[in-house]
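Me: I would like a close look at one part of this model, the aromatic pairs and the strands that carry them. Please set out the details in one connected account.

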Amino acid sequence: MPLQVVVVGGGIGGLTTALLLGRRGHRVVVVEQEPVAAPAALEDARWWWRSGAPQAAHAHVFPARCRELLAAEAPDVLAALHRADVTEVRLTRQAPDTLTGPVGHDARLVTLAARRSVFEWVLRRAVLAERGVTLLSGLSAVGLTLDRAEIPQVTGVRLTGGQNLRADLVVDAAGRRSPVPGWLAAAGAPVPVTDELPGGVTSHSRFYEVRNGRPRPTGVLGGAYDGYTCRLVPADAGAFAVTFEVPEGERAFDDLVDGRTFDRAAAAVPGFAEWLDPGTSRRSTRVARLTSADNRLQRMTRDGRPLLVGVLSVGDAVCATSPGLGHGVALALLSAVRLVQVTDAHPGVGRSDAEARTLAMDAAITAEIAPWFHDAAGRTGSGTAATHTPLSYPELALAAQRDPEVWAAYTRLQNMLVLPAAVLGDPEIVAKARAVLASGWQPQPDDVPSHDELVALLAEPRLVTV
């Protein structure tokens with residue numbers, strides 16, 4: 001018997017959940033409060049930013065795990081992304097020249113570089129074409145309906161104007177600031193268990209377009225430097241973005257919001273100036289600034305028992321990490337796929353199936369999503385995951401510039417193809433990395449501005465903002 005499902009939120013996690021559930025015969029309604037319809041044409045979608053997704057104005061490289069999940073669950077969406085001129089980056093071709101030997105071929109190490117708006121637009125088109133899915137745009141969900149059993153069960157969603165949508169399953173895909181916990185509290189129901197650890201960063205990004213006839217960037221340039229990161233990231237159809245990331249609260253970089261100052265700072269990073277030359281590319285956007293919130297994990301169980309049933313979370317509503325790590329879309333796709341698989345295993349409309357779905361989804365979160373929350377907290381210095389392993393991330397990153405097998409393991413980790421513990425605690429990888437560290441090898445320093453040099457560059461008198 002098909003389930004009646006209401007998905008709250010029309011971002012990547014919500015759309016993927018709706019698409020896959022609809023293809024399994026369930027009846028799905030997506031409630032998206034965005035009042036403006038998506039563009040009809042791809043060319044208009046390339047610069048379409050949803051107000052509910054401010055991160056869309058920033059650079060995106062979708063990890064290899066994203067491509068793998070799409071290939072397995074929605075190959076037509078992956079094919080449509082290719083038709084939209086998304087850039088595939090084969091990472092084994094990007095291996096550093098400081099390695100002591102060649103890296104082996106790994107067909108899994110392929111990322112997708114695209115504007116997030118294009119990714120969402122392609123996914124939305126697939127959802128709109130699915131007969132069992134209805135997308136309600138411009139409507140706001142304002143609350144939930146529940147029964148009053150010992151373990152409450154969510155039975156529907158209330159919309160503005162008093163309309164109620166009955167549901168056998170409600171999917172919270174409303175993002176990091178989801179109103180669902182507040183709705184539950186207002187109804188006197190248990191609220192999800194939430195863990196939060198600091199780890200915010202501030203990003204400044206700007207998009208450019210390569211001029212006709214000029215070659216496109218085919219890989220990511222830049223990296224982590226003295227107190228900041230700066231990367232040039234290819235996108236679709238000849239676009240690319242430059243992004244600076246600094247610790248949250250680092251006010252010395254505030255002047256990056258000025259366009260000409262941003263261009264001057266970006267051109268000071270080795271390898272960037274040739275791409276930013278006016279003869280090679282043109283500016284497409286102003287500088288976008290985004291300060292992320294803390295790392296966050298939400299669970300619907302406590303001590304192995306459901307707090308409530310009938311509602312499950314995907315995407316940032318279940319796990320949100322620092323945007324600089326690039327985990328967000330992969331976790332959205334992964335959580336959506338696992339929710340659908342949980343529904344496949346427990347397809348009934350009764351309470352017993354609802355409870356089984358909650359417990360099975362929690363098991364999937366524990367096994368495959370929570371490790372990334374703890375890993376992100378460790379990388380940003382607010383947790384212990386990265387320091388309670390035989391290797392720290394700085395040690396692994398250094399050794400990955402020298403040993404081919406360490407590079408391959410590190411790159412699989414960065415692309416979420418393996419869990420952190422599988423690399424940081426692998427005895428063979430640890431031994432190889434320790435050998436590099438013991439040798440005293442260090443890469444030749446790049447001629448990159450130090451923190452203080454970049455701050456001084458930003459402080460130079462502004463010209464006209466562009």
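Reply: The account below begins with the aromatic pairs, turns to a neighbouring strand residue and ends with helix packing.

The model is predicted, and the structure holds eight aromatic pairs. In one of them, the rings of Tyr208 and Phe240 have their centres 5.3 Å apart; the planes stand at 15°, so this pair is stacked. The two partners come from distant parts of the chain, 32 residues apart: Tyr208 belongs to strand S12 (residues 201–210) and Phe240 to strand S15 (residues 239–247). Tyr208 and Phe240 are both buried.

Another aromatic pair, Tyr228 with Phe244, is tilted, with 6.3 Å from centre to centre and 35° between the planes. This pair also links distant parts of the chain, at 16 residues apart: Tyr228 lies in the loop between strand S13 (221–224) and strand S14 (229–234), whereas Phe244 lies in strand S15. Both Tyr228 and Phe244 are buried. Ring pairs join these two residues with Tyr225, Phe253 and Phe262 in a cluster.

Strand S12 also contains Thr202. Thr202 has a relative accessible area of 4%, and a residue counts as buried under 20%; Thr202 is therefore buried. Beyond its neighbours within four places in sequence, Thr202 is in contact with Phe244, Glu245, Val246, Pro247, Glu248 and Gly249, and also with Arg289, Leu290 and Thr291. Phe244, the ring partner of Tyr228, is thus among the residues that Thr202 contacts. Thr202 and Thr291 are 89 residues apart in sequence, yet their C-alpha atoms are 4.2 Å apart in space.

The helices offer a further view of packing. Helix H1 (residues 12–22) and helix H9 (residues 328–345) have axes that come within 8 Å and cross at roughly 30°. An angle under 35 degrees counts as roughly parallel, and H1 and H9 are therefore roughly parallel to each other. The crossing of H1 past H9 is right-handed. On the H1 side, the contact is made by Ile12, Gly13, Thr16, Thr17, Leu20 and Leu21; on the H9 side, the residues include Val329, Ala332, Leu333 and Ala336. By class, this contact has ten nonpolar residues, four polar residues and no charged ones.

H9 also takes part in the surroundings of helix H3 (residues 64–73), where Ala64, Arg65, Cys66, Leu69 and Leu70 are buried. The buried residues of H3 pack against H9 and against other elements, among them strand S5 (110–113), helix H5 (116–128) and helix H10 (351–379).

Key:
Residues numbered from 1 in each chain as written. Predicted model: local features only at pLDDT ≥ 70, side-chain atom pairs only at ≥ 80, totals over all residues. Heavy atoms only, no water. Axes fitted to C-alpha atoms, helices over the stretch in contact; angles between N-to-C directions. Helix = DSSP H or I, 4+ residues; strand = E, 2+ residues; numbered from the N terminus. Parallel < 35°, antiparallel > 145°, perpendicular 65-115°, else oblique. Left-handed = near helix turned anticlockwise from the far one by under 90°. Contact = heavy atoms within 4.5 Å. Nonpolar A, V, L, I, M, F, W, Y, C, P; charged D, E, K, R; others polar. Phe/Tyr/Trp six-rings, centres within 6.5 Å; stacked < 30°, edge-to-face > 60°. Buried < 20%, exposed > 50% of the residue type's maximum accessible area, 1.4 Å probe, protein only.
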